[in-house]
Amino acid sequence: MGKVRVDLNISLDGYATTTDQTPEDPIGQDWNRLTATYVGTRTFRERVLGQTGKGTTGLDNDYAAEYFENVGAEVMGAGMFGLHDHPNDPDWQGWWGDTPPFGFPVYVLTHEDRPTLKMEGGTTFHFVQSSIEDALERAKEDAGDLDVRVGGGVSLVRSYLAAGLVDRLHVAVVPILLGRGQNLWADLREFERGYKVTTEAAPSGVVHVTFAR
Ligand SMILES: NC(=O)c1ccc[n+]([C@@H]2O[C@H](COP(=O)([O-])OP(=O)(O)OC[C@H]3O[C@@H](n4cnc5c(N)ncnc54)[C@H](OP(=O)(O)O)[C@@H]3O)[C@@H](O)[C@H]2O)c1
């Protein structure tokens, strides 16, 4: 049976979301600062941007590659899929274009009623109103022996962490201070109990912390 996995980029002070978006700059500079190392890896360039032979190799890239390996299904929240930015828009198909970089079933937890969306490249988005446990069970059935990834966003990840349903959490701790936003660790006192915690520092300054059962 596969594992339930999470990977996130967080700031040194634990924030996983940014707060400097404006109508002129809808992504914001802080998001670029938070994700620059990951986005710069060879794996991200190839798997998400379709660029070959570009990007960094080394430890940051090793973790980026692991993110894509051995995954058979994903669970994500309405915010991550973009439904909070594009509410009740039947044409919205997520941020990832016609061929999203999943290639497997993705269960999107949302209270919005939407039909299943079959995309190019093997990704199917199922929109489900159920408990986080039920959504995970459906994803596990689809994944078979492969892992299930809880992709994000931060609220949904925190629900799965708090419920004790995650087997492996990898955080790339980026050496920047955000000072505000959604903190990954809030109210997760002693989360580390029951996990083996390992740490590797990359030359980029990013520290990769893994909690594994
Ligand atoms: N740092 C990183 O690596 C990283 C990675 C991914 C995302 N993010 C950040 O995460 C943020 C997006 O996450 P978010 O916390 O706003 O939203 P989210 O976790 O993607 O989604 C939460 C939403 O999912 C729906 N939902 C959750 N549980 C449900 C249930 N049991 N049944 C039905 N619907 C349910 C609800 O939306 P409705 O009620 O509206 O349907 C809820 O508001 C963004 O800021 C993004 O940048 C960060």
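Trainee: What does D7 touch, not counting residues up to four places away in sequence?

Mentor: D7 touches Y67, R168 and H170. Keep in mind that this is a predicted model.

Trainee: Where is D7 found?

Mentor: In strand 1, which covers 4–11.

Trainee: Is D7 buried or exposed, and why?

Mentor: Buried, because its relative accessible area is 11% and the cut-off for buried is under 20%.

Trainee: How far is D7 from Y38?

Mentor: The two are 11 Å apart in space, C-alpha to C-alpha. In sequence, 31 residues separate D7 and Y38.

Trainee: Switching to the core. How many residues does the largest nonpolar core have?

Mentor: It has 32 residues. Those with the most contacts inside it are V75, L109, Y160, L161, L169 and V171.

Trainee: Which elements give two or more residues to this core?

Mentor: Strands 1, 2, 3, 6, 7 and 9 do, along with helix 5 and helix 6. Strand 2 runs 71–77, and helix 6 runs 154–162.

Trainee: Is there another core, and what is in it? I mean, which residues are among its members?

Mentor: A core of 14 residues lies apart from the largest one. M76, F81, F104 and L117 are among its residues.

Trainee: Back to V75. What is V75 in contact with, leaving aside neighbours within four places in sequence?

Mentor: The list includes Y107 and L109, then A135, L136 and A139. It also includes V148, R149, V150, G151 and G152, as well as L156 and Y160.

Trainee: G152 came up there. What kind of peptide bond joins G152 and G153?

Mentor: A cis one, with omega about -5°. G153 sits in the loop between strand 6 and helix 6.

Trainee: Any odd phi angles? Which residues other than glycine have a positive phi?

Mentor: N70 is one of them, at about 65°. E190 is another, with phi near 65°.

Trainee: Where is N70, and where is E190?

Mentor: N70 is in the loop between helix 3 and strand 2. E190 lies in the loop between strand 7 and strand 8.

Trainee: Buried or exposed, those two?

Mentor: In between. N70 is partly exposed, because its relative accessibility is 44%. E190 also counts as partly exposed, with a relative accessible area of 36%.

Trainee: Now Q93. Where is Q93 found?

Mentor: In the loop between helix 4 and strand 3. Q93 is partly exposed, at 31% relative accessibility.

Trainee: What is Q93 in contact with, beyond its sequence neighbours within four places?

Mentor: F81, D98, L117, M119 and F125. F81 and L117 also belong to the core of 14 residues.

Trainee: And how far apart are Q93 and T17?

Mentor: 22 Å in space, C-alpha to C-alpha, and 76 residues in sequence.

Trainee: Zooming out. How many helices and strands does the protein chain have?

Mentor: 6 helices and 9 strands.

Trainee: What does the radius of gyration say about the chain?

Mentor: The protein chain has 17 Å. A compact globule of 213 residues would be near 17 Å, so the two agree. The C-alpha trace spans about 45 × 45 × 35 Å along its principal axes.

Trainee: What share of the residues count as buried?

Mentor: 46% of the 213.

Trainee: Last one. How many positive and negative side chains are there?

Mentor: 19 positive and 31 negative. The centres of the two sets lie 5 Å apart.

Note on methods:
Residues are numbered from 1 along each chain as its sequence is written. This is a predicted model: local features need pLDDT of at least 70, side-chain atom pairs count only at pLDDT 80 or more; totals for chains, interfaces and linings use all residues. Side-chain values use heavy atoms; hydrogens and water are left out. A nonpolar core is a set of buried Ala, Val, Leu, Ile, Met, Phe, Trp, Tyr and Cys residues joined through side-chain atoms within 4.5 Å. Buried means under 20% relative accessible area, exposed over 50%, partly exposed in between (1.4 Å probe, protein chains only). Helices (H or I, at least four residues) and strands (E, at least two) are DSSP runs, numbered from the N terminus. Contact means heavy atoms within 4.5 Å. The radius of gyration is taken over C-alpha atoms; the globule rule is 2.2 Å times the number of residues to the power 0.38. Lys and Arg count as positive and Asp and Glu as negative; His and the chain ends are not counted. The place of a charge is taken as NZ of Lys, CZ of Arg, CG of Asp or CD of Glu.
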